[in-house]
Amino acid sequence: EVRLVASGGGLVQPGESLKLSCAASGFTLLANCMAWFRQAPGKERERVASDYTGGGSTYYADSVKGRFAISRDKAKNTLYLQMNSLKPEDAAMYYCAAAPGSRFWCAGATRVEDFEYWGQGTQVTVSS
């Protein structure tokens, strides 16, 4: 089992930055593929970005490409999401998720049901 604890959310103004963290513990070998999802009120949970074993294979939703960066510190078993140039439409509850799987699988893993392990969520609010 993998336990995930997300943190770092908060209230920022449009154009500002925020960095989310997701600390993993337990049997972290099962967390080959880690991802950030977000869910705004009334909308479905969507994958924002994912990372395969912190080895350079990262994937992004079109809406965040060029603004968000996912990274992983393997020594600390921590996943990050650096969010720059935040927009009001980025406001949502952000969740980290993890699952075992290949690099190829991780690239296409965009659905909630693809991921077995979930953090509790951290709220990001973007408002002036």
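This is a guided tour of one protein chain, going from the whole fold to single strands and loop residues.

**Before you start**

The model is a predicted one, in which local features need pLDDT of at least 70 and side-chain atom pairs count only at pLDDT 80 or more, whereas totals for chains, interfaces and linings use all residues. Residues are numbered from 1 along each chain as its sequence is written, and side-chain values use heavy atoms, with hydrogens and water left out.

**Stop 1: the whole chain**

Show the protein chain as a cartoon and colour it by secondary structure, where one helix and eleven strands should appear. Helices (H or I, at least four residues) and strands (E, at least two) are DSSP runs, numbered from the N terminus. Followed from the N terminus, the order of elements is β-β-β-β-β-β-β-β-β-α-β-β.

Turn the chain along its principal axes, and the C-alpha atoms fill a box of roughly 40 × 25 × 25 Å. The radius of gyration is 13 Å, which agrees with the value near 14 Å for a compact globule of 128 residues; this radius is taken over C-alpha atoms, and the globule rule is 2.2 Å times the number of residues to the power 0.38.

Now switch to a surface. The chain exposes about 6300 Å², of which carbon and sulfur atoms supply 50%; accessible areas come from the Shrake-Rupley method with a 1.4 Å probe, and for residues only the protein chains shown count as cover. Of the 128 residues, 42% are buried, where buried means under 20% relative accessible area, exposed over 50%, and partly exposed in between (1.4 Å probe, protein chains only). Among the contacts with a separation of 6 or more, 59% are between residues 24 or more positions apart, a contact being heavy atoms within 4.5 Å.

**Stop 2: strand β8 and its partners**

Select residues 78-83, which form strand β8, and note that five of its six residues are buried. Two strands pair if DSSP finds at least two bridges between them. Add residues 18-26, strand β3, which pairs with β8 in the antiparallel sense over six bridges; within this pairing, Y80 of β8 is the bridge partner of S21.

Then add residues 68-73, strand β7, which runs antiparallel to β8 and is joined to it by six bridges. Here F68 stands opposite M83, and A69 stands opposite Q82.

Which residues make up the covered face of β7, and which the uncovered one? The covered face holds F68, I70 and R72, while A69, S71 and D73 form the uncovered one. In a regular strand the side chains alternate between the two faces of the sheet.

**Stop 3: two loop residues with positive phi**

Select N77, in the loop between β7 and β8. The hairpin of these two strands has four residues between them, and N77 takes a positive phi near 50° there, a positive value in a residue other than glycine. N77 is partly exposed, with a relative accessible area of 31%.

Move on to S85, which is found in the loop between β8 and β9 (92-99). S85 also has a positive phi, of about 50°, although it is not a glycine, and at 40% relative accessibility it counts as partly exposed.

**Stop 4: G8 and L18**

Return towards the N terminus and select G8, in the loop between β1 (2-7) and β2 (10-12). G8 is partly exposed, with a relative accessible area of 31%. Not counting residues up to four places away in sequence, G8 touches L18, K19, L20 and T122. A distance label between the C-alpha atoms of G8 and T122 should read 6.9 Å, although 114 residues separate them along the chain.

Finally, select L18, which lies in strand β3 and is buried, with a relative accessible area of 15%. Leaving aside neighbours within four places in sequence, L18 is in contact with G8, G9, G10, V12, L81, Q82, M83, L86 and V124, so that list includes G8 from the start of this stop. The C-alpha atoms of L18 and T125 are separated by 10 Å, with these positions 107 residues apart along the chain.
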